[in-house]
Amino acid sequence: MRIMPRTTSTLPDDLHQLIEGSVDAGVFENKSDAIRHALRDYFEEHGDARLAAAVHLYDNDEISLGKTARLAGVSRFDMPDLLREHGVEIKLGPEDMEDAQREIDVARDLE
């Protein structure tokens, strides 16, 4: 079982009450489930925000090209063109051993 990272957030009272009410009404299993659904729906409806986030992570060397494509919801083969359209240089291969190890770790997490 993969342990998911935790994020803490502050919500306005009305959103907090809606989350609490939806959990109590059985719409969602728990608050985390409600927030996951809301974020997934948001990124499904706002593809440009999803792409912008993925491009930003790639540009800051936080994720690989393959993971960028997966997060952006596009083909791995289309991703280089999208990155170029956003003025982001394509990185081919790891720059050093630390980068190589990070790519190996990411690949293992995908399994």
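## A helix pair, a surface patch and an unusual loop residue

Helices α3 and α4 run roughly antiparallel to each other, because their axes cross at roughly 165° and angles over 145 degrees count as roughly antiparallel. This is a predicted model, so please read each value here as computed from it. The two axes, those of α3 and α4, come within 8 Å, and the crossing of this pair is right-handed.

Let's step into the loop that joins these helices. α3 covers residues 47-59 and α4 covers 65-72, with D61 lying in the loop between them. D61 is worth a look on your screen: its phi is positive, about 60°, although D61 is not a glycine.

Now for the surface. Which residues form a nonpolar patch there? They are L11, L15, L18, I35, L39, Y42 and F43, and together they have about 610 Å² of accessible area. Helices α1 (13-24) and α2 (31-45) each supply at least two residues of this patch. The largest share comes from α2, with 4 residues. L11, by contrast, sits in the segment before α1.

Two of the residues met so far, L11 and D61, can be set side by side by their accessibility:

| Residue | Place | Relative accessibility | Class |
|---|---|---|---|
| L11 | segment before α1 | 33% | partly exposed |
| D61 | loop between α3 and α4 | 42% | partly exposed |

Why does L11 count as partly exposed? Its relative accessibility is 33%, and the class partly exposed lies between the 20% limit for buried and the 50% limit for exposed. D61, at 42%, counts as partly exposed too.

Notes. Residues are numbered from 1 along each chain as its sequence is written. This is a predicted model: local features need pLDDT of at least 70, side-chain atom pairs count only at pLDDT 80 or more; totals for chains, interfaces and linings use all residues. Side-chain values use heavy atoms; hydrogens and water are left out. Patches are made of residues with over 30% relative accessible area and no salt bridge: like charges are joined within 9 Å, nonpolar side chains (Val, Leu, Ile, Met, Phe, Trp, Tyr) within 5 Å. Accessible areas come from the Shrake-Rupley method with a 1.4 Å probe; for residues, only the protein chains shown count as cover. A salt bridge is a side-chain nitrogen of Lys or Arg within 4 Å of a carboxyl oxygen of Asp or Glu. Buried means under 20% relative accessible area, exposed over 50%, partly exposed in between (1.4 Å probe, protein chains only). Axes are lines fitted to C-alpha atoms, for helices over the stretch in contact, and angles run from 0 to 180 degrees between N-to-C directions. Angles under 35 degrees count as roughly parallel, over 145 as roughly antiparallel, 65 to 115 as roughly perpendicular and the rest as oblique. A crossing is left-handed if the near helix is turned anticlockwise from the far one by less than a right angle, and right-handed if clockwise.
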